[in-house]
Amino acid sequence: MKELYEKMINESMAALKADIEVISENRYDDFKITDAKPYADAVAEMTCLDNQAESVINLHKKSVASHYKVLSSIADTIIPEDDPFIEHFQTPPVLEILCEEDGDFADSLDVFIKSIADNEALVAKESIRRYGGFYGPTCVVDFALMPGSTSNVVNQILKTVNIPTPHKQAILSAKSWGMNTSYGIGDAFTNALEAGATAAEATAKEIEALQMIYREPIEAQGTLMDDAGHSSFDVRKFMLDYKKEMRDVVKAAMDDGVHYGNIVTVPAYCVGDIGHHIGQASYNMCKDDVILAVIQATAKVMESTLRDNVDNFLHPSQVLNLATGATACATEYILELDGFNAPMVVDLLNKRFHNYVQQYPTRGAAAELHNCDFMDMIYRGFNAISGARKARSSENLELIPIINGFAVDLGAIKHNEVLMNPQRYTYPACGITVRFSSLMRLADYPCLLTSEPVTATMMTNVIALNKDVPGSPVRGCKNCASSTLVDAKHEYCQWRESV
């Protein structure tokens with residue numbers, strides 16, 4: 001198994017390093033889609049071990065290759081306002097391919113679509129709760145179920161539907177890691193209500209929107225992008241060309257018995273580095289030396305921690321768990337260098353959320369998405385670092401947080417010239433909030449801290465070992481920071497009841 005662990009580490013770190021190196025080199029330039037070729041090249045080097053399903057690895061590799069090929073053929077660049085959606089153009093074509101190739105699945109999806117209208121009261125209740133901020137900050141796209149998310153609502157509807165369980169799981173995955181369209185629960189309801197509609201009329205609009213993203217996924221995403229003013233490229237042409245590129249590899253995965261939940265998941269989550277993580281918004285953000293240093297240092301913490309523990313792993317999931325846990329510890333450690341910690345930040349962002357709802361009632365459905373990711377990450381790191389501080393007590397020992405029994409190496413932060421000299425980036429005598437302010441920028445965009453390219457690459461490797469088991473959403477409590485430290489909303493989560 002050591003060969004597998006090393007492969008997971010090498011492939012995921014190659015993807016992350018490609019992102020960071022491109023951003024570091026080009027951060028003062030204008031973004032061009034061809035800038036992302038090093039990431040595409042890194043993914044192309046992924047291999048398949050004997051105990052892995054090659055059909056799953058190929059879904060990942062072909063998706064990235066197709067995405068880069070099609071996107072670079074129809075556009076030269078992407079404006080920042082359009083780059084978040086780049087990960088939302090993959091599952092609609094894949095979902096359509098599944099329906100076209102498997103009539104039984106198409107029938108199940110049709111039953112689900114009809115059941116959305118049958119659950120009018122549920123849709124109304126959840127839309128009203130989201131509109132009013134009942135759940136507090138929530139992830140509209142939920143990789144692990146949490147209260148108020150779209151997949152949390154989809155799961156409740158699926159429980160009322162009489163279709164095969166694997167089909168239910170695929171439909172749920174398609175609006176989780178699959179990111180089927182850019183639509184988030186309650187958006188149509190909110191805008192209709194604020195425009196003067198009654199609650200009943202707004203609910204009808206919401207049902208129509210939810211049904212559309214499953215009934216005609218490509219056109220639904222196209223319509224959403226029209227409404228958002230997307231201008232960087234022809235999104236419908238992208239999806240149709242991508243669909244042509246992907247049909248054979250999707251059919252091969254179907255023939256190989258890959259769970260449909262994995263077929264809609266694997267191709268979507270791996271493409272975001274091309275045009276999003278490697279994109280103009282990333283370049284602009286990383287013009288700040290401290291922000292770039294945070295990204296670089298946390299990546300080094302992850303890599304050194306993983307390589308130090310390669311002989312200690314007993315299961316592939318431990319590799320992924322430690323990868324995300326290491327950067328959680330690293331980010332919290334940087335936060336604590338300025339005298340802050342996760343409970344303070346979670347409290348701050350939750351208070352801000354409720355003010356934000358009142359100021360911007362038609363806020364975007366995903367507005368607080370990454371704030372949730374950031375809070376969950378630092379809260380996890382806080383627990384590990386707090387435990388390490390307690391363990392060493394008053395002894396002058398190195399601070400070594402532990403994630404599931406594995407030691408985290410924070411040395412890359414302690415020896416980082418930028419992070420350990422914040423006074424060089426503000427009024428020198430008062431440089432006590434520099435690192436915190438940089439982390440607050442990253443609270444809106446923590447993708448390379450959590451880290452998405454690493455998670456996507458490792459998840460594909462794990463799914464390839466268990467092709468017939470749906471890999472998304474994570475069927476477990478993710479210990480949401482907001483739910484734990486501020487709001488008592490655990491009982492509104494669906495993780496135990498996940499289909």
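The legends below describe close-up views of a predicted model.

**View 1. Helix α10, residues 199–215.** Helix α10 has 17 residues, which at 1.5 Å a residue should span 24 Å. The C-alpha atoms at its two ends lie 24 Å apart, in agreement with that expectation. The buried residues of α10 include the aliphatic or alanine positions Ala-202, Ile-207, Ala-209, Leu-210 and Ile-213. Thr-203, Glu-206, Gln-211 and Tyr-214 complete the buried set of this helix.

**View 2. The ring pair Tyr-135 and Tyr-492.** The count of aromatic pairs in the model comes to 18. In the pair of Tyr-135 and Tyr-492, the ring centres are 5.8 Å apart and the planes stand at 75°; an angle over 60 degrees counts as edge-to-face, so this pair is edge-to-face. Tyr-135 belongs to the loop between α6 (120–132) and α7 (150–158), while Tyr-492 belongs to the segment after α24 (481–485). The pair therefore ties together parts that are 357 residues apart in sequence. Tyr-135 has a relative accessible area of 3% and is buried, whereas Tyr-492, at 29% relative accessibility, is partly exposed.

**View 3. The ring pair Phe-143 and Tyr-269.** Here the ring centres of Phe-143 and Tyr-269 are 4.9 Å apart and the planes are at 85°, so this pair is edge-to-face. Phe-143 lies in the loop between α6 and α7, and Tyr-269 lies in helix α14 (residues 266–269). The two residues are 126 residues apart, and their pair links distant parts of the chain. Tyr-269 counts as buried, with 7% relative accessibility.

**View 4. A cluster of aromatic rings.** Phe-89, Phe-233, Phe-238 and Tyr-242 form a cluster linked by ring pairs.

**View 5. Arginine charges over aromatic rings.** The charged end of Arg-129 is placed over the ring of Phe-134, at 4.4 Å from the ring centre. Arg-352 has its charged end over the ring of Tyr-356, at 5.6 Å from the ring centre.

**View 6. The surroundings of Asn-461.** Asn-461 is part of helix α23 (residues 452–465). Its relative accessibility is 0%; the limit for buried is under 20%, so Asn-461 counts as buried. The side chains of Asn-461 and Glu-11 are joined by a polar contact of 3.2 Å. Apart from neighbours within four places in sequence, the residues in contact with Asn-461 are Lys-7, Met-8, Glu-11, Met-46, Gln-52 and Ile-57. Glu-11 thus appears both in the polar contact and in the contact list of Asn-461.

Technical notes:
Residues are numbered from 1 along each chain as its sequence is written. This is a predicted model: local features need pLDDT of at least 70, side-chain atom pairs count only at pLDDT 80 or more; totals for chains, interfaces and linings use all residues. Side-chain values use heavy atoms; hydrogens and water are left out. Helices (H or I, at least four residues) and strands (E, at least two) are DSSP runs, numbered from the N terminus. The expected span of a helix is 1.5 Å times one less than its number of residues. Buried means under 20% relative accessible area, exposed over 50%, partly exposed in between (1.4 Å probe, protein chains only). Rings of Phe, Tyr and Trp (its six-membered ring) pair if their centres lie within 6.5 Å; planes under 30 degrees apart count as stacked, over 60 as edge-to-face and the rest as tilted. A charge sits over a ring if NZ of Lys or CZ of Arg is within 6 Å of the ring centre and within 35 degrees of the ring normal. A polar contact is a pair of N or O atoms within 3.5 Å; within protein, one must be able to donate a hydrogen and the other to accept it, and residues adjacent in sequence count only if both atoms are side-chain atoms. Contact means heavy atoms within 4.5 Å.
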